[in-house]
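Work through the exercises below with the structure open. Each task is followed by its solution in steps.

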Protein chains: 6
Amino acid sequence: MRPSGRQNDEMRPVSIETQVTMHAEGSCLIKCGNTHVLCTATIDERVPPFLKNSGLGWVTAEYGMLPRATNTRMRREAKNGQSGRTQEIQRLIGRSLRAGVDRVALGERQIIVDCDVIQADGGTRCASITGGWVALKLAVQKLMKTGDVISDPLIDPVAAISCGIYAGQEVLDLDYPEDSEAGVDGNFVMTGGKLIEVQMSAEGSTFSRTQMNGLLDLAEKGVAELAEAQLAAVA
Amino acid sequence: MRPSGRQNDEMRPVSIETQVTMHAEGSCLIKCGNTHVLCTATIDERVPPFLKNSGLGWVTAEYGMLPRATNTRMRREAKNGQSGRTQEIQRLIGRSLRAGVDRVALGERQIIVDCDVIQADGGTRCASITGGWVALKLAVQKLMKTGDVISDPLIDPVAAISCGIYAGQEVLDLDYPEDSEAGVDGNFVMTGGKLIEVQMSAEGSTFSRTQMNGLLDLAEKGVAELAEAQLAAVA
Amino acid sequence: MRPSGRQNDEMRPVSIETQVTMHAEGSCLIKCGNTHVLCTATIDERVPPFLKNSGLGWVTAEYGMLPRATNTRMRREAKNGQSGRTQEIQRLIGRSLRAGVDRVALGERQIIVDCDVIQADGGTRCASITGGWVALKLAVQKLMKTGDVISDPLIDPVAAISCGIYAGQEVLDLDYPEDSEAGVDGNFVMTGGKLIEVQMSAEGSTFSRTQMNGLLDLAEKGVAELAEAQLAAVA
Amino acid sequence: MRPSGRQNDEMRPVSIETQVTMHAEGSCLIKCGNTHVLCTATIDERVPPFLKNSGLGWVTAEYGMLPRATNTRMRREAKNGQSGRTQEIQRLIGRSLRAGVDRVALGERQIIVDCDVIQADGGTRCASITGGWVALKLAVQKLMKTGDVISDPLIDPVAAISCGIYAGQEVLDLDYPEDSEAGVDGNFVMTGGKLIEVQMSAEGSTFSRTQMNGLLDLAEKGVAELAEAQLAAVA
Amino acid sequence: MRPSGRQNDEMRPVSIETQVTMHAEGSCLIKCGNTHVLCTATIDERVPPFLKNSGLGWVTAEYGMLPRATNTRMRREAKNGQSGRTQEIQRLIGRSLRAGVDRVALGERQIIVDCDVIQADGGTRCASITGGWVALKLAVQKLMKTGDVISDPLIDPVAAISCGIYAGQEVLDLDYPEDSEAGVDGNFVMTGGKLIEVQMSAEGSTFSRTQMNGLLDLAEKGVAELAEAQLAAVA
Amino acid sequence: MRPSGRQNDEMRPVSIETQVTMHAEGSCLIKCGNTHVLCTATIDERVPPFLKNSGLGWVTAEYGMLPRATNTRMRREAKNGQSGRTQEIQRLIGRSLRAGVDRVALGERQIIVDCDVIQADGGTRCASITGGWVALKLAVQKLMKTGDVISDPLIDPVAAISCGIYAGQEVLDLDYPEDSEAGVDGNFVMTGGKLIEVQMSAEGSTFSRTQMNGLLDLAEKGVAELAEAQLAAVA
């Protein structure tokens, strides 16, 4: 039995509220159960130096957690610098979102996606990717409305979900009590039925290819549900 | 005429939603017009070294802004370190809240108040103090409910408001369009009808004691209204 | 009775020795009792990026303390970075001095005022502002002598003094023994009889508007005396 | 055709020279083609604070590259701090090695594995894991010889290999010319025929589960060959 | 001819004013021509960790320059961290002073010598050593007066002087115009007629042993004169 | 008797293996007994800003130690920043190498010499200078082969050796057991029979000019032998 009473292949309820801040070109507040992430997209007409005069666009991401997003207060990164974990996560978010972007169609500009965790209960990096895509899409819609972008550089939604082996069972969408106990867990980023990124990891344990396939089956189901929620949000 | 159409002595609408995060001992989301600040209070049974075995409690504060809380995206402080402005503000918040605390009654423990600006439209430090007191009060109520604190260390609310001279007029509660134009502005922190902190500043200008008194009159009116909202929120 | 035996409205003796270093365009050593601050002004023909081609000048300040300027040795900031307190003070000094400058008359150049505390006994930020203005004035006189500046951008002296409530009495120009005990203290920056900056603060206490007015009366007296000393020094 | 002329399932020649430095408790120089990594293992009788008095051991890793290990000289991290990439890699190495350790058998002590890239030609993180295990094993052998450890905490070798899709082909053990062109690549860490970590990533592309399985087949072949080389080295 | 008109073996005038700050246990302002350094000595009853319970004392030094001590303003190290040059100099000062201390006689305590350059005209590290010894001696005298130290741990003065080859001539005590032109220069630290440290360096040039001996002869003469000034100052 | 059984004027065996990495323009692995340093030279067609359009070349150096190059593991500088010792050493290496370069003949380009200590047993800065010159020479030979440099900017080898007073004896080429006991030691950099840099230092001791001359005699002998090894390596 899962601590939340969910079925093994049951995701937490997802809600995506859009345009939640007055300044950002695109924004949403995504809630995956008790994990809440505020995602904003900022359009910047300057690209990084290595893309100057290339005609190609860029998407990058930054990630943060409010100090008391977690059960025990964490030290504020503004005082201590970004941890290795934070940097690893924001690199993943940026890479994942870029995989779903036609950078020629975007044109030579940059979109910066900020994902800030307001409340954490496991799966913050996946919620950041899923919500980040919504904020990105809304910003792109703005560019298309003004005619700055002609052909939509974002076709299929990019979404991510975690799966893991908890108490010997393959389960979908780990919450924090599961995540802290799971010997094996993975994050799966997908778009249009294909994979973008797979990160599976065992802490003090190992896993078989059969188990890996079981988790992938669950992930495919979860991502399909997330994509529906994303499309509804940006409609 | 003020850009918002408000009267000179008219505050922006204030709302304070409490217990907005599942983890913090006390929390609120304070909205002063379009300025939104999430305030959380964390109880820590350890005090700073200089208070060990003193029997006295401590209240401290940290302040941050999400990168796209502002009209133009700001660089993330986790990557660049806290600016002088940020440090100055969080020192002010901590000092202000401590002025309203009976540190003997609190007992030898620390409460850390985090104020994170979700959306900024002027007056973020004042909203942080006002909301921060609400989060602090809720955390203290929890300590009193469990019997860890017997006598309430917080009597009167601590609240803060900005006033300034905009287009030659003394006005209450500056929003960003006013704040960026005002030659003189001030932040006033009060409790129980008395002053805790006054910070008045002229940029490329000066002011008279008569003008100063005019702003203090406005501030007294504003803080009285804020105190009502605070008491309603923690009732 | 004050520890120093001074009257409540009596400042410490002030001396301002000018042109104390061979390299700086303007310099002075200001002594307010046992508080000694070396102030130098450096003319830099480059302005900060946001003023390029604006025709406007700029004045900025930096502040430091020698490690053993204080009774107990402080850690060297070059090894540990500037504290929040240091940054707050140097922002105040720069803001205060700019309020007394006609930036058009100064022309598109920058003057950097360095205030380094050689010996501290309370009131170092006020002494830095008062002495900083003298160094600034001397540098400007040099620019006027060479014809680089035609119309004097500095009319009235900018000076600052602290006042506070010590042992229940409103007193002028707190020294360290008073400052460390005072429940309420303030720093007042003035020029030409008008206010530039008021910073009043209560630590673990509050104050009334009547008390505030009492401190302002003292400050006006003190600043008038400082302005005389400044004018004598630059004559 | 691969740039090196290798078959799609052909690894680069691997050599592992052991005990290459006089100071470290365990060490090796691993060469995977032109990628050369010096791995040392240091025994530290102190564990990190969270393991004090737990009876459990710990294995951690650090990773670095000499500035001219690469074709173009990189800035020295000692001058600029560790990059996000470096931190991500050293977290992976530590996690991978720990998955193959019986931490009870190791006893309450820490082994620090340093992996320093002398020359880079793709696959440095995989070579670091593979060589790091050899250094770790040698250090453990020393502990067993002295009787400080009784039961061997390391059973099967932990090894890692990269695979990717280069020019439309699934290939084993990417070198730098392949790695910089591959749209999809992955790193696979295994022990005793089971998986420890899978990291697959597409840059500006996607991949199917069929392709993923193809890469896993290649990885299994590669890791089996590496494990033989490891066992020969520590025999 | 030297720019200053001095003879080749002629030092600049030296003055040492003692007890120039009210807080430090020992202090002096040393002037070697236009190079002015404020030296303070702080007694700290705690020693560095590696000396705990050793019965041995320690002397260490820190060095800094005010930003406008130099002809062109330097960036403040508190904002940018200590440069390599600064760290090198303060290590030299500490090493030099320790060479003249009987650490058993000093007892298990630390004396920290701060050398802050108020005005620079060449030779600041040498002036720091010479003045630093005076501050140190005065602090030790205080310890002896109170009976905390019985036997004097400082016998002969430690002093330092620079020499160099300027315009083909071997000259004593380089000022800045000479120092910036000299192809070869050296710093010589001596005590009681013996050498403690010799640092000779050629920039874009070389030197012979004969030249080296010529500079050493000059240095011996200079240090003897400095020692007299030191003894007079502490008498 | 020296711990190694060497004669007082006997160096450790020296070997210099060239072109040991595939990427660097020049490289060598120098072994002075058990001290092993990998030296690489990188040609950079850009010079530092202060040399733009001067027609002059530049040589600079960086120095590092692998964490377990030493008997006890040192903290990795990439995590903690370069120590004062490291900065001092790399400044010395750069200065020493530049003294042997005709910067006009080199032309307006920069060569960066990286010296990374693989294994340490005393004398790492001297080995870095000696090996660094070999890497530099090989890079320059490449520039001459392509015709980018016409006249050889490097004539005589630059080499360095340490000497010291160990157990009362003047000895050549200190290894770690000697270095950690020696009360006086020095590093001597020479080229073509002339001196470039002399650094002699006593820790808790002093030395006479006679002793200094004895060490210089030893150093001349040692450097002559090193120069032969350097010339053989680059032949």
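**Exercise 1.** Count the residue pairs in polar contact across the interface of chain F and chain E.

Solution. The rule finds 22 such pairs, with both residues at pLDDT 80 or more. That filter applies since this is a predicted model. Next, locate the elements on the chain F side. Helix H2 (84–99), strand S9 (194–202) and helix H6 (209–234) of chain F each supply at least two residues that touch chain E. S9(F) gives the most, with 9 residues. Finally, sort the residues of this side: 9 are nonpolar, 11 polar and 11 charged.

**Exercise 2.** Find the salt bridges across the interface of chain F and chain E, and check one distance.

Solution. The rule finds 8 salt bridges here. Take the pair Arg91(F) and Glu88(E): their side chains meet at 2.8 Å, N to O. The cut-off is 4 Å, so this pair counts as a salt bridge.

**Exercise 3.** Determine how S9(F) pairs with strand S9 of chain E.

Solution. Start with the bridges: 5 join S9(F) to strand S9 (residues 194–202) of chain E. Then get the direction: the two strands run antiparallel. Now pick a facing pair. Gln199(E) stands opposite Gln199(F).

**Exercise 4.** Quantify the contact between chain F and chain E, and name the residues of chain F that lose the most area.

Solution. Count first: 31 residues of chain F are in contact with 31 residues of chain E. Then take the area. The two chains bury about 2900 Å² between them. Carbon and sulfur atoms hold 43% of it. On the chain F side, Glu88(F), Leu195(F) and Arg209(F) lose the most area to chain E. Together they make up 23% of what that side buries.

Notes. Residues are numbered from 1 along each chain as its sequence is written. Chains are lettered from A and ligands numbered from 1 in the order in which they are written. This is a predicted model: local features need pLDDT of at least 70, side-chain atom pairs count only at pLDDT 80 or more; totals for chains, interfaces and linings use all residues. Side-chain values use heavy atoms; hydrogens and water are left out. Contact means heavy atoms within 4.5 Å. Buried area is the accessible area (1.4 Å probe) that two parts lose on being put together, summed over both. A polar contact is a pair of N or O atoms within 3.5 Å; within protein, one must be able to donate a hydrogen and the other to accept it, and residues adjacent in sequence count only if both atoms are side-chain atoms. Helices (H or I, at least four residues) and strands (E, at least two) are DSSP runs, numbered from the N terminus. Ala, Val, Leu, Ile, Met, Phe, Trp, Tyr, Cys and Pro count as nonpolar, Asp, Glu, Lys and Arg as charged, and the others, Gly among them, as polar. Two strands pair if DSSP finds at least two bridges between them.
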